[in-house]
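Me: I am new to reading protein structures, and I would like a close look at one part, the aromatic rings and their surroundings. Please walk me through it slowly and tell me how each part fits into the rest of the chain.

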Amino acid sequence: MTKTLRYIASSAVVGACLHMAALGQSLSNGKGDLRVMTYNANEGTDLIEVQAATTPGEFLAAVVQTITQVRATDPPARMQALAKQIIAASPDLVGLQELDQWGTATLDLSTFNCGAATTEFDMLQELQDALQAQGAHYKVEVQQQQYAFPPIPGAIFPSGPFLCVQLVDEIAILARTDLDSSKFQVTNPQSAQYAAALFFPTPTGAVFPFPRAWASVDASFHGKSFRFITTHLESVDTTPFGFSIRELQGAELRGGPANTTLPVIIAMDSNSQAAPLPQDPTYVDFTLAGYNDVWSQLRPGVPGLTCCQAELDNNPVSQLYQRIDLILTLGPVEAQNVALFGATPNTRTSDGLWPSDHAGVAAQLAVEGN
């Protein structure tokens, strides 16, 4: 739901000046040479129809439309393409968002009850399998559930289809396992949901919690220790009560896992616009708190657009129109290089699907101090 209630994107072609180009290119070598990445894998739908439903009938039809959209985005093929982009960037640590498990079940029309769900897509497992098949060595160090919807009836009357759809959304951190342990170590995995959260009411009367979450690890790279955090902040800015859930979550992050004596690296889908202007208040909060934005440090004046392609990931020309996927640092961390991945047409699948509706962002950093 990264694009919930977003503005309709105008088309924008991301030129070669904005990113490293195709598969096989990587960040340059340099002092320290720590590489980190953030990538929103795209759950396969924006849930627009579900949110727009105002009657029980519209909601039931929207559930069917949603799983139909997810199937059309071919998550296994996209995870293969996304794995290629991770390998091209060669990060030591990757923060991932929108790693969804989608399941479906039969719907008993006589009782309107759902049967046991069968998994159709498990995007984290599909990505792990793709990385392994392509010769990469990564391990899930920590994963955290955000929101989870139980099997929900879906139906298009009068002829169907009739089924139930289940969804679990997670974030995760992957770490390389093929580096010498004397040079790279990962410890202290932590994760939690934010206290500030939305609730999603439906026309059927059900209300589902819609929490977001963070995950972190402590790492040592060539003897320099730091904390690496990933998160996916709320996309809906203001609630009916007039305050910003996203800003509250950002404050929780800064006061919680990022409140450490270690240097901090945050790789996230912030849902907080850094470019173009105007900048989102949540992004401004981070900069006022002393966080450095690696992209704006190294490529000032270059938009570096990361979001968002079409809902079905099948647009032939890139539609990226805002920069919300960020790598932020706090403390003695030197930014050396930064690049976009998965933002050019030659990174698409053979069927013309983008790896995700987001571009990945990778940075080369040197942790100092310690």
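Reply: Let's begin with a word you will need throughout: a residue is called buried if its relative accessible area is under 20%, exposed if that value is over 50%, and partly exposed in between. Please also keep in mind that what you see is a predicted model.

With that word in hand, look at Phe-286 and Tyr-291, which are both buried. Their rings form an aromatic pair, with 5.3 Å between the centres and 80 degrees between the planes. Planes over 60 degrees apart count as edge-to-face, and this pair is given that name.

Now bring in a charged neighbour. The charged end of Arg-254 sits over the ring of Phe-286, at 4.6 Å from the ring centre. Arg-254 belongs to helix α5, which covers residues 245–255. If you leave out residues up to four places away in sequence, Arg-254 touches Asn-259, Asp-285, Phe-286, Ala-289 and Tyr-291. Both members of the edge-to-face pair, Phe-286 and Tyr-291, are therefore on the contact list of this arginine, where contact means heavy atoms within 4.5 Å.

Which side chain of opposite charge is nearest to Arg-254? That is Asp-285, at 4.3 Å. A salt bridge needs a side-chain nitrogen of Lys or Arg within 4 Å of a carboxyl oxygen of Asp or Glu, and Arg-254, although buried, has no salt bridge.

Helix α5 also holds Arg-246, and here the story is of another kind. The side chains of Asp-280 and Arg-246 meet in a salt bridge, with 2.8 Å from N to O. Asp-280 sits in the loop between β13 (264–269) and α6 (281–288), and the pair links parts of the chain that are 34 residues apart. Asp-280 has a relative accessible area of 10%, so it is buried. Arg-246, at 3% relative accessibility, is buried too.

Let's step back to the rings. How many aromatic pairs does a search of the whole structure find? The search finds eight. One of them joins Tyr-147 and Phe-210: the ring centres are 4.1 Å apart and the planes meet at 15 degrees, so this pair is stacked. Tyr-147 lies in strand β6 (residues 138–155) and Phe-210 in strand β10 (residues 207–210), so the two rings tie together parts of the chain that are 63 residues apart in sequence. Tyr-147 has a relative accessible area of 0%, which makes it buried. Phe-210 is also buried, at 3% relative accessibility.

The stacked pair has company. Tyr-147, Phe-149, Phe-200, Phe-208 and Phe-210 form one aromatic cluster. You can try to find these residues in the structure and see how their rings are placed.

Another ring with an arginine over its face is that of Trp-354. Arg-348 lies there, at 5.4 Å from the ring centre.

To round off the picture of charges, the structure holds nine salt bridges. One of them joins Arg-71 and Glu-120, at 2.7 Å from N to O. Arg-71 is in helix α2 (residues 56–72) and Glu-120 in strand β5 (residues 118–122), so this bridge ties together parts 49 residues apart in sequence. Arg-71 is partly exposed, with a relative accessible area of 38%, and Glu-120 is partly exposed as well, with 27%. Arg-227 and Asp-218 also meet in a salt bridge, at 2.7 Å from N to O. Arg-227 counts as buried at 10% relative accessibility, and so does Asp-218 at 11%. In addition, Asp-92, Arg-176 and Asp-178 are linked in a network of salt bridges.

Finally, here is the wider setting. The protein chain has seven helices and 17 strands. Buried residues make up 56% of its 370 residues. Among the contacts in the chain with a separation of 6 or more, 78% are between residues 24 or more positions apart. The stacked pair of Tyr-147 and Phe-210, at 63 residues apart in sequence, is a good place to see how distant parts of a chain can be tied together.

Definitions and conventions:
Residues numbered from 1 in each chain as written. Predicted model: local features only at pLDDT ≥ 70, side-chain atom pairs only at ≥ 80, totals over all residues. Heavy atoms only, no water. Phe/Tyr/Trp six-rings, centres within 6.5 Å; stacked < 30°, edge-to-face > 60°. Helix = DSSP H or I, 4+ residues; strand = E, 2+ residues; numbered from the N terminus. Buried < 20%, exposed > 50% of the residue type's maximum accessible area, 1.4 Å probe, protein only. Lys NZ or Arg CZ within 6 Å of the ring centre and 35° of its normal. Lys, Arg positive; Asp, Glu negative; His and termini not counted.
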